[in-house]
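These are my notebook entries on a two-chain model. I record what I looked up, one topic at a time.

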Amino acid sequence: MMTELHTEQRKKLLIVDDVELNRAVLAEAFHEEYEILEAENGQIALDCIFAEANTLAAVLLDVLMPVLDGIAVLEWMASKNLLDRIPVFTLTSETLGETIDKAYELGVVDVIPKPFNPVFIRRRLSNILELYRHRRDLQLMVQHQTAKIKEQADALRYNSFTIIETLSTAIEFRNSESGEHIKRIRDLTAMLLRVLAEMHPRFELTHERIQLISEAAVMHDVGKISIPDQILGKPGRLDPEEFEIIKTHTLRGCEILDSVEQLRRSEIYQYAYDICRHHHERYDGHGYPDGLIGDEISIWAQVVSLADVYDALVSERVYKKAYSHDAAVHMICSGECGVFNPHLLQVLTSCAIDIQNQLYADSPL
Amino acid sequence: MNLNEAMQRLSISEDQVRLIFSNNLGLYERFLLKFPQDTSYNALCIGMERNNRFEIENAAHTLKGVSGNLGLDRLYRACDALVCTVRAGGQDFSAIYSELTHAYRDAVTVISELNA
């Protein structure tokens with residue numbers, strides 16, 4: 001890749017005209033300020049522009065020439081996006097007409113009338129080059145600022161995410177479970193999404209999106225921080241009142257996510273919020289908190305929901321022993337744990353063995 | 001005949017050519033002396049013989065540019081008139097072409113005497 005030279009370092013002027021006299025007049029006008037390059041037709045001009053693209057300050061271009069005319073040169077330069085970097089002035093005794101219109105459309109910065117007035121041309125060239133210099137400086141500044149902003153945004157995003165992940169892990173420990181649950185939810189969500197993406201491309205689950213959703217899944221139970229210990233850690237069955245309190249962890253979790261401003265501005269927020277709120281919805285509408293039904297529930301919330309149920313079944317909890325993986329799959333598919341999207345059940349059964357071998361290899365079941 | 005005399009004979013404005021040639025009269029004289037070798041007048045004659053409007057227009061356009069830069073105003077105006085007539089679809093160029101030819105021959109005659 002050619003190094004882009006600052007405008008001040010561009011010190012060559014290309015004069016393109018089939019008439020020697022015209023080239024001589026212009027060379028005389030500019031030879032003290034620029035190194036002059038000459039071309040007597042469009043083809044030679046193209047070769048020169050190609051070779052000197054990084055050092056040309058400007059091109060003075062006649063229109064009517066043999067071999068290749070000025071319009072063809074302009075078209076080539078436009079196709080290579082060179083007109084943004086190298087200002088082109090056409091040389092002509094016409095000031096109106098189709099050719100001039102075409103030249104302007106292609107991107108010439110100015111028309112130099114013949115007979116030449118070098119004082120006039122020098123002033124016009126100088127003004128235009130100063131404009132290009134300012135534009136270039138501005139572009140570099142914007143690029144630099146954009147890079148800085150991105151760096152800061154990435155850092156903020158990382159910080160926000162780290163805060164939430166740490167909080168989520170702390171909640172798990174409080175729940176008398178290890179921090180491994182949220183990691184398994186993340187990995188299980190990712191695996192289910194990858195299989196779903198292959199089976200059903202219409203969900204447009206790109207690699208980047210899957211990564212984002214599975215990281216967002218880590219925060220699904222952050223709202224449990226608001227649940228009293230005696231309910232969260234109760235070994236037996238929850239009574240209806242206690243169950244109502246547990247159910248509030250979905251909405252409380254959303255409030256927590258909302259309170260982290262940096263997270264709200266990040267790409268992961270939309271998924272984290274949705275998953276936090278809806279990972280207990282069910283496909284038949286019998287879930288909570290909003291009673292969403294079918295595809296009203298986002299596919300990612302449905303996947304995390306499935307992952308959460310599966311992991312709960314195959315893990316030991318204060319209120320139950322662990323089920324085997326085969327039993328867990330059977331219970332989910334038979335509707336014992338609520339109704340799930342049939343496509344997701346298909347996904348689960350197709351990768352059940354991989355789930356067991358890759359994500360629960362250390363499990364005794 | 002020296003350059004000043006030639007410029008006076010052809011009503012060439014010294015201010016104008018100094019402006020165009022960035023005050024370099026030596027360069028100007030060099031190209032004035034080369035003018036009789038310029039091929040655009042011959043190309044125009046051929047175009048007229050063939051009655052080829054495209055060739056006429058192009059050659060007159062080129063000659064117009066050269067004569068304009070050299071300060072040969074009479075020739076410049078004649079070339080401009082011919083170009084405009086061709087583009088406007090005119091059919092009879094004889095009067096304009098005659099004037100152009102006279103202007104060209106006058107210029108070439110004077111230039112041939114330059115530095116003689």
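**Entry 1: a glutamine in chain A**

I began with the surroundings of A:Gln302 in this predicted model. Setting aside neighbours within four places in sequence, I find A:Gln302 in contact with A:Tyr283, A:Gly294, A:Asp295, A:Ile297, A:Asn341 and A:Leu344. The residue belongs to helix 13 of chain A, which spans residues 299-314. I then asked whether A:Gln302 is buried or exposed. Its relative accessible area is 6%, and A:Gln302 therefore counts as buried, the limit for that class being under 20%. I also looked up a polar partner: the side chain of A:Gln302 reaches the backbone oxygen of A:Ile297 at 2.9 Å. A:Ile297 is thus also one of the contacts listed above.

**Entry 2: a lysine in chain A**

Next I turned to A:Lys321, which I located in the loop between helix 13 and helix 14 (325-333) of chain A. I noted a relative accessibility of 62% for A:Lys321, so this lysine is classed as exposed; the class requires over 50%. With neighbours within four places in sequence left aside, the contacts of A:Lys321 are A:Leu313, A:Ser315 and A:Glu316.

**Entry 3: chain B as a whole**

I then surveyed chain B. Its secondary structure consists of seven helices and zero strands, and along the sequence the pattern reads α-α-α-α-α-α-α. Chain B has 116 residues, of which 44% count as buried. I looked up how its contacts are distributed along the sequence: of those with a separation of 6 or more, 64% join residues 24 or more positions apart. The accessible surface of chain B is about 5,700 Å², and carbon and sulfur atoms account for 48% of that surface.

**Entry 4: an alanine in chain B**

Within chain B I examined B:Ala103, a residue of helix 7 (residues 94-113). B:Ala103 is buried because its relative accessible area is 5%, under the 20% limit. Apart from neighbours within four places in sequence, B:Ala103 is in contact with B:Arg74 and B:Leu75. I also recorded the separation of B:Ala103 from B:Leu72: 31 residues in sequence and 8.6 Å in space, C-alpha to C-alpha.

**Entry 5: where the chains meet**

How many residues does each chain bring to the contact? I find 18 residues from chain B and 18 residues from chain A. The area buried between the two chains is about 1,600 Å², with carbon and sulfur atoms giving 61% of it. On the side of chain B, B:Leu19, B:Phe31 and B:Asn69 supply 29% of the area that this chain buries against chain A, more than any other three residues.

I then looked for polar links. One salt bridge is counted between chain B and chain A. It joins the side chains of B:Lys34 and A:Glu20, at 2.8 Å from N to O. The count of residue pairs in polar contact between the chains, both at pLDDT 80 or more, is four.

Which elements give two or more residues to the side of chain B that touches chain A? I list helix 2 (14-20), helix 3 (25-34), helix 5 (53-69) and helix 6 (73-87) of chain B. Helix 5 provides the largest share, seven residues. By residue class, I recorded eight nonpolar, seven polar and three charged residues on this side of chain B.

Definitions and conventions: Residues are numbered from 1 along each chain as its sequence is written. Chains are lettered from A and ligands numbered from 1 in the order in which they are written. This is a predicted model: local features need pLDDT of at least 70, side-chain atom pairs count only at pLDDT 80 or more; totals for chains, interfaces and linings use all residues. Side-chain values use heavy atoms; hydrogens and water are left out. Helices (H or I, at least four residues) and strands (E, at least two) are DSSP runs, numbered from the N terminus. Buried means under 20% relative accessible area, exposed over 50%, partly exposed in between (1.4 Å probe, protein chains only). A polar contact is a pair of N or O atoms within 3.5 Å; within protein, one must be able to donate a hydrogen and the other to accept it, and residues adjacent in sequence count only if both atoms are side-chain atoms. Contact means heavy atoms within 4.5 Å. Buried area is the accessible area (1.4 Å probe) that two parts lose on being put together, summed over both. A salt bridge is a side-chain nitrogen of Lys or Arg within 4 Å of a carboxyl oxygen of Asp or Glu. Ala, Val, Leu, Ile, Met, Phe, Trp, Tyr, Cys and Pro count as nonpolar, Asp, Glu, Lys and Arg as charged, and the others, Gly among them, as polar. Accessible areas come from the Shrake-Rupley method with a 1.4 Å probe; for residues, only the protein chains shown count as cover.
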